[in-house]
Amino acid sequence: MPNSICPECDEEVFVDAESEQGDRVSCEECGSSLVVVGLDPVELDLYVAAETDDLSDDADYETYDYGSGSY
Ligand SMILES: [Zn+2]
């Protein structure tokens, strides 16, 4: 089963094997709403509701490069 790490609490989050990019999952540890942003490997980001108007939230800009490590 694919899994990834919750960007909020760093706990492992299991993702349904048939999930697609853009699907939303919930972290069982902290309850955060997460969105699948990548599938190979599975990457999760915090889901930000469209009605949220907080410009100080930088969660959208966090990227996780598990593969190359060349960043
Ligand atoms: Zn979490």
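Let me begin with the term I will lean on when I describe the sheet: two strands are taken to pair if DSSP finds at least two bridges between them. With that in hand, I can say that Ser26 stands opposite Ser33 in β4, and that 3 bridges join β3 to β4, which run antiparallel. Please keep in mind throughout that what we are looking at is a predicted model.

Let me step back to the chain as a whole. The protein chain has 0 helices and 5 strands, and read along the sequence it follows the pattern β-β-β-β-β. Of its 71 residues, 15% count as buried, and among contacts between residues at least 6 apart in sequence, 22% join residues at least 24 apart.

Now to the sheet. Three strands form an open sheet in the order β3-β4-β5, and the pairing is antiparallel. The edge strands are β3, which covers 24-26, and β5, each of them pairing on one side only, and from one strand to the next the twist averages 45 degrees. As general background, strands of a sheet pair through backbone hydrogen bonds, either parallel or antiparallel.

Between β3 and β4 there is a hairpin with 6 residues between the two strands, and in its turn Gly31 has a positive phi of about 80 degrees. The next connection, from β4 to β5, is also a hairpin, and here the strands are joined through 2 residues. These two strands run antiparallel and are joined by 5 bridges; within that pairing, Leu34 stands opposite Leu46 in β5, and Val36 stands opposite Leu44 in β5.

That brings me to the interior. Which residues make up the largest nonpolar core? There are 9 of them, namely Cys6, Val13, Val25, Cys27, Leu34, Val36, Val37, Val42 and Leu44. The elements that give two or more residues to this core are β4, at 33-39, and β5, at 42-46, and β4 gives the most, with 3 residues. In general terms, nonpolar side chains in soluble globular proteins tend to be buried together.

Val13 is a useful residue from which to look around this core. Setting aside residues up to four places away in sequence, Val13 touches Asn3, Ser4, Ile5, Cys6, Val25, Cys27, Leu34 and Leu44, and of these Cys6, Val25, Cys27, Leu34 and Leu44 are listed with Val13 in the core.

Leu46, the partner of Leu34 that I mentioned, lies in strand β5. Is Leu46 buried or partly exposed? It counts as partly exposed, because it has 17 C-beta neighbours inside 10 Å, whereas a buried residue needs 20 or more. Leu46 and Cys6 are 40 residues apart in sequence, and their C-alpha atoms are 8.1 Å apart in space.

Let me turn to the backbone, where two places deserve a careful look. As a general reminder, most residues other than glycine have a negative phi, and most peptide bonds are trans. The first place is Asp10, in the loop between β1, at 3-5, and β2, at 12-14. Its phi is near 65 degrees, a positive value in a residue other than glycine. Asp10 counts as exposed, because it has 10 C-beta neighbours inside 10 Å and the limit for exposed is 12 or fewer.

The second place is Pro41, in the loop between β4 and β5. A cis peptide bond joins Asp40 and Pro41, with omega at about 5 degrees. Why is Pro41 classed as exposed? The reason is that 11 other C-beta atoms lie within 10 Å of its own, and 12 or fewer is the condition for that class.

Pro41 also leads us back to the start of the chain, since Pro41 and Pro2 are 39 residues apart in sequence and 8.3 Å apart in space, C-alpha to C-alpha. Pro2 sits in the segment before β1 and counts as partly exposed, because it has 15 C-beta neighbours inside 10 Å. Leaving aside its neighbours within four places in sequence, Pro2 is in contact with Val15, Ala17 and Val42. Ala17 is 15 residues away from Pro2 along the chain, and the C-alpha atoms of the two are separated by 6.1 Å, while Val42 is one of the residues of the largest nonpolar core.

How values were computed:
Residues numbered from 1 in each chain as written. Predicted model: local features only at pLDDT ≥ 70, side-chain atom pairs only at ≥ 80, totals over all residues. Core = buried A, V, L, I, M, F, W, Y, C linked by C-beta atoms within 7 Å. Helix = DSSP H or I, 4+ residues; strand = E, 2+ residues; numbered from the N terminus. Contact = placed C-beta atoms within 7 Å. Axes fitted to C-alpha atoms, helices over the stretch in contact; angles between N-to-C directions.
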